[in-house]
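User: I'm new to reading protein structures and would like to go through some of the labels people use. Can you help me with the one below?

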Amino acid sequence: MVRELLIFLYLWWFKAHFLLFRLFPLQEKITFVVSFGDNSLYVYEALQKKSPGMPVVFLRKKTCPYTFSDVSAKVYEFESVRFWHTLCGIYHLATSKYVIVDNYYGFLAAAPFRPEVECIQLWHAAGAFKTFGLCDASVEHRSLRAKKRFLQVYRQFHKVVVGSEAMARLFMQAFQLPEKAILRTGVPRTDFFYDVAKHQSIKEKLYRENPLLRDKKVILYAPTYRDDELETFDLQLDLERMYNELAPLGYVLLLKLHPAVKRRLDYDRQRYANFLFDYSDYRDVNELLLVTDWLISDYSSIPFEFCLLQKPMIFYMYDIESYRRKRGLWAGWEEKLPGPILFTTEQIIDYIRQGNVDFDAIRSFAEKWNRYSKGRSSENLVDYLVAESQTVREVAITQGD
């Protein structure tokens with residue numbers, strides 16, 4: 001009850017300032033609101049090549065791993081303790097022709113955009129196993145006021161960028177969007193997997209930082225974050241067994257855990273010094289995928305992009321029943337997976353040792369979820385933005401005549 005009251009008061013304050021700033025002229029400007037950052041950066045870089053004169057603003061949430069210190073754009077710490085930054089952010093949201101977001105943002109429920117404005121949802125994943133939006137299992141326990149607010153936010157998504165028809169269907173269901181809201185340009189961050197020249201320089205950087213990776217077979221464990229892990233986290237891998245059975249075969253294990261969970265990680269660093277490496281603080285997991293030979297994940301979206309590299313993966317779902325009950329999984333999610341669902345460390349070791357990988361399943365999965373993500377996704381989206389901008393200008397000129 002108290003939480004809902006605080007949200008109500010904040011959104012009332014936000015809307016009052018938004019309406020005030022809406023009195024200012026609308027500008028041919030793009031404002032990015034970023035929690036993740038990578039998709040937005042790829043779009044920004046493509047925009048600099050196609051339309052470098054377009055003004056750009058970044059509203060950075062505190063969870064974003066990117067600082068944007070090397071971009072020639074205004075950057076604000078949005079909805080932070082830096083009150084002036086938040087106020088400037090509201091001004092830019094109210095005066096931008098395009099607003100591009102990469103997550104759910106509650107403030108959108110209090111941002112009555114002008115009819116000429118287009119809000120584009122980039123999201124932060126190329127595919128999904130776990131439910132989200134109005135289909136999230138936790139929604140049924142929220143108040144009617146909260147559910148109404150969620151719907152208000154989703155209705156602000158004039159367009160949602162997708163890389164496949166499979167993801168388009170999930171977005172339409174989760175956000176209750178019409179077909180016309182789907183923008184089939186491909187997911188910008190997947191352009192990374194087609195940039196072979198960049199791959200080599202990144203791998204060399206990683207090898208310089210950790211020479212052991214060069215001559216080893218690399219296993220990356222990158223699980224999704226679970227809501228209760230801050231209090232109950234326990235690494236569900238038998239490190240001793242993996243060390244004893246896989247290290248002699250030339251394997252090393254990398255961990256990419258949520259930063260908050262990483263702080264609770266406890267293991268014998270001296271014993272596993274040449275086998276186990278914690279990369280939880282490494283900013284871009286896609287870079288780690290380049291040196292990864294085997295991916296172990298679960299309900300995370302990482303497999304939807306890793307499959308583009310045509311490498312084997314394992315779905316380690318030791319808590320599948322409780323996760324399905326608490327978080328929710330999409331119907332049919334387990335059909336035609338590009339790797340096995342396993343439940344124990346022993347099964348993982350056996351599968352890796354056998355090496356019986358179905359690469360046809362990986363290729364099929366990659367095509368299903370990345371149908372429109374073919375290396376030009378950022379450029380495709382920028383072409384759309386530039387075309388839209390040009391159309392607006394032509395209409396304005398015609399009306400002026």
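User: Why is Arg184 called partly exposed?

Analyst: This is a predicted model, so every value here is computed from it. Arg184 has a relative accessibility of 30%. Buried means under 20% and exposed means over 50%, so at 30% Arg184 counts as partly exposed.

User: What makes Arg184 and Glu165 a salt bridge?

Analyst: The rule asks for a side-chain nitrogen of Lys or Arg within 4 Å of a carboxyl oxygen of Asp or Glu. For Glu165 and Arg184 the N to O distance is 2.5 Å, and that makes the pair a salt bridge. Glu165 sits in helix α5 and Arg184 in the loop between β7 and α6, 19 residues apart. As for Glu165, its relative accessible area is 21%, so it is partly exposed.

User: Why is Glu4 called buried, and what about its partner Arg142?

Analyst: The cut-off for buried is under 20%. Glu4 comes in at 13%, so it counts as buried. Arg142 has 28%, so it is partly exposed. The two side chains meet in a salt bridge at 3.8 Å, N to O. They are 138 residues apart, with Glu4 in helix α1 and Arg142 in the loop between β5 and α4.

User: How do you know that Lys205 and Glu287 tie together separate parts of the sequence?

Analyst: Start with the pair: their closest N and O atoms are 3.6 Å apart, and that forms a salt bridge. Lys205 lies in helix α6 and Glu287 in helix α10, so the bridge ties together parts that are 82 residues apart in sequence. Lys205 is partly exposed at 25%, while Glu287 counts as buried at 16%. Some bridges also share partners: Arg241, Glu245, Glu346 and Arg353 are joined into one network that way.

User: How many salt bridges does that rule give?

Analyst: The count comes to 22.

User: What makes Phe8 partly exposed, and which surface patch is it in?

Analyst: Phe8 has 44% relative accessibility, so it counts as partly exposed. Phe8 is in helix α1. Together with Val2, Leu5, Leu6, Leu9 and Trp12, Phe8 forms a nonpolar patch on the surface, with about 670 Å² of accessible area.

User: And on the inside, which residues touch the most other members of the largest nonpolar core?

Analyst: Those are Phe132, Phe157 and Leu253, in a core of 116 residues. Helix α5 gives the most to this core, with seven residues. Another core, of 26 residues, lies apart from it and includes Phe32, Cys64, Tyr66 and Val161.

How values were computed
Residues numbered from 1 in each chain as written. Predicted model: local features only at pLDDT ≥ 70, side-chain atom pairs only at ≥ 80, totals over all residues. Heavy atoms only, no water. Patch = residues over 30% accessible without salt bridge, like charges linked within 9 Å, V, L, I, M, F, W, Y side chains within 5 Å. Areas by Shrake-Rupley, 256 points an atom, 1.4 Å probe, with all protein chains shown as cover. Helix = DSSP H or I, 4+ residues; strand = E, 2+ residues; numbered from the N terminus. Buried < 20%, exposed > 50% of the residue type's maximum accessible area, 1.4 Å probe, protein only. Core = buried A, V, L, I, M, F, W, Y, C linked by side-chain atoms within 4.5 Å.
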